[in-house]
Amino acid sequence: MPPEWESLRLRLEKLRQTAAEFLYGMTFYEVERMMRRERTEREHLMAMILFGDMLGLPVLPPYYTLRLLPYIIPDINRWRRALLREKDLTDLAGGG
């Protein structure tokens, strides 16, 4: 294949890749972000239901909490920071 054709092929491949990324950004990027946010919120809700007593919200009996504790240990610090950092609409309206 002549070098001109190879150069043209590379340029067309780059154009195809750019168009594919552009269409992905227009169609699915926001959906992916929304799904990740929803997953994070559900994980926080699950942690709050199971381990809310660490924050003073007794919800489930301690037996189930102790059975599930080994699975949640790696996420406890990240979960605490996220819950304490979470803002409500009233917090935003109050300026704080």
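A residue counts as buried under 20% relative accessible area, as exposed over 50%, and as partly exposed in between. By that scale glutamate 6, at 30% relative accessibility, is partly exposed. The structure described here is a predicted model. Its chain contains five helices and zero strands, and along the sequence the pattern reads α-α-α-α-α. Of the 96 residues of the chain, 11% are counted as buried.

**Overall surface**

- The accessible surface of the chain amounts to about 8600 Å², and 63% of that area belongs to carbon and sulfur atoms.
- A nonpolar patch on the surface is formed by Leu45, Ile49, Met54, Leu55, Leu57 and Val59, which together have about 480 Å² of accessible area.
- Isoleucine 49, one of the patch residues, is located in helix H2.
- Isoleucine 49 has a relative accessible area of 34%, and therefore ranks as partly exposed, since the partly exposed class runs between 20% and 50%.

**The nonpolar core**

- Seven residues make up the largest nonpolar core, namely Ala47, Leu50, Phe51, Ile72, Ile76, Trp79 and Leu83.
- The elements that contribute two or more residues to this core are H2 and helix H4, which covers residues 76-85.
- Alanine 47, a member of the core, is in contact with Gly52, Ile72 and Trp79 when its neighbours within four places in sequence are left aside.
- Leucine 83, also a core member, belongs to helix H4.
- With its neighbours within four places in sequence set aside, leucine 83 is in contact with His44 and Leu55.
- Leucine 83 and methionine 48 stand 35 residues apart in sequence, while their C-alpha atoms are 8.9 Å apart in space.

**Helix H4 and its two faces**

- The buried residues in H4 are Ile76, Trp79, Ala82 and Leu83.
- Viewed down the axis of H4, these buried residues fall within an arc of 130°, so they line one face of the helix.
- The face of H4 turned away from the buried side carries Asn77, Arg81, Leu84 and Arg85, which are exposed.
- H2 and helix H3 (62-72) are the elements against which the buried residues of H4 pack.

**Histidine 44**

- Histidine 44 sits in helix H2, which spans residues 29-51.
- The relative accessible area of histidine 44 is 13%, so this residue is buried, the limit for that class being under 20%.
- Apart from neighbours within four places in sequence, histidine 44 is in contact with Trp79, Ala82 and Leu83.
- Those three contact partners of histidine 44 are among the buried residues of H4.

**Salt bridges**

- Side chains of opposite charge can pair when their charged atoms come close.
- The model has five salt bridges by count, including the three described below.
- Arginine 9 forms a salt bridge with glutamate 6, and the closest N and O atoms are 2.7 Å apart.
- Both arginine 9 and glutamate 6 belong to helix H1 (residues 3-27), where they are three residues apart, about one turn of the helix.
- Arginine 9 has a relative accessible area of 41% and is therefore partly exposed, as is glutamate 6 at 30%.
- Glutamate 13 forms a salt bridge with arginine 16, and here the closest N and O atoms are 2.9 Å apart.
- Helix H1 holds both glutamate 13 and arginine 16, three residues apart, which is about one turn of the helix.
- Glutamate 13 counts as partly exposed because its relative accessibility is 38%.
- Arginine 36 forms a salt bridge with glutamate 32, with the closest N and O atoms 2.8 Å apart.
- Because arginine 36 and glutamate 32 are four residues apart in helix H2, about one helical turn separates them.
- Arginine 36 counts as exposed because its relative accessibility is 54%, which lies over the 50% limit.
- Glutamate 32, with a relative accessible area of 29%, is partly exposed.

Conventions:
Residues are numbered from 1 along each chain as its sequence is written. This is a predicted model: local features need pLDDT of at least 70, side-chain atom pairs count only at pLDDT 80 or more; totals for chains, interfaces and linings use all residues. Side-chain values use heavy atoms; hydrogens and water are left out. Buried means under 20% relative accessible area, exposed over 50%, partly exposed in between (1.4 Å probe, protein chains only). Contact means heavy atoms within 4.5 Å. Accessible areas come from the Shrake-Rupley method with a 1.4 Å probe; for residues, only the protein chains shown count as cover. A nonpolar core is a set of buried Ala, Val, Leu, Ile, Met, Phe, Trp, Tyr and Cys residues joined through side-chain atoms within 4.5 Å. Patches are made of residues with over 30% relative accessible area and no salt bridge: like charges are joined within 9 Å, nonpolar side chains (Val, Leu, Ile, Met, Phe, Trp, Tyr) within 5 Å. A salt bridge is a side-chain nitrogen of Lys or Arg within 4 Å of a carboxyl oxygen of Asp or Glu. The arc is that of the directions from the helix axis to the C-beta atoms.
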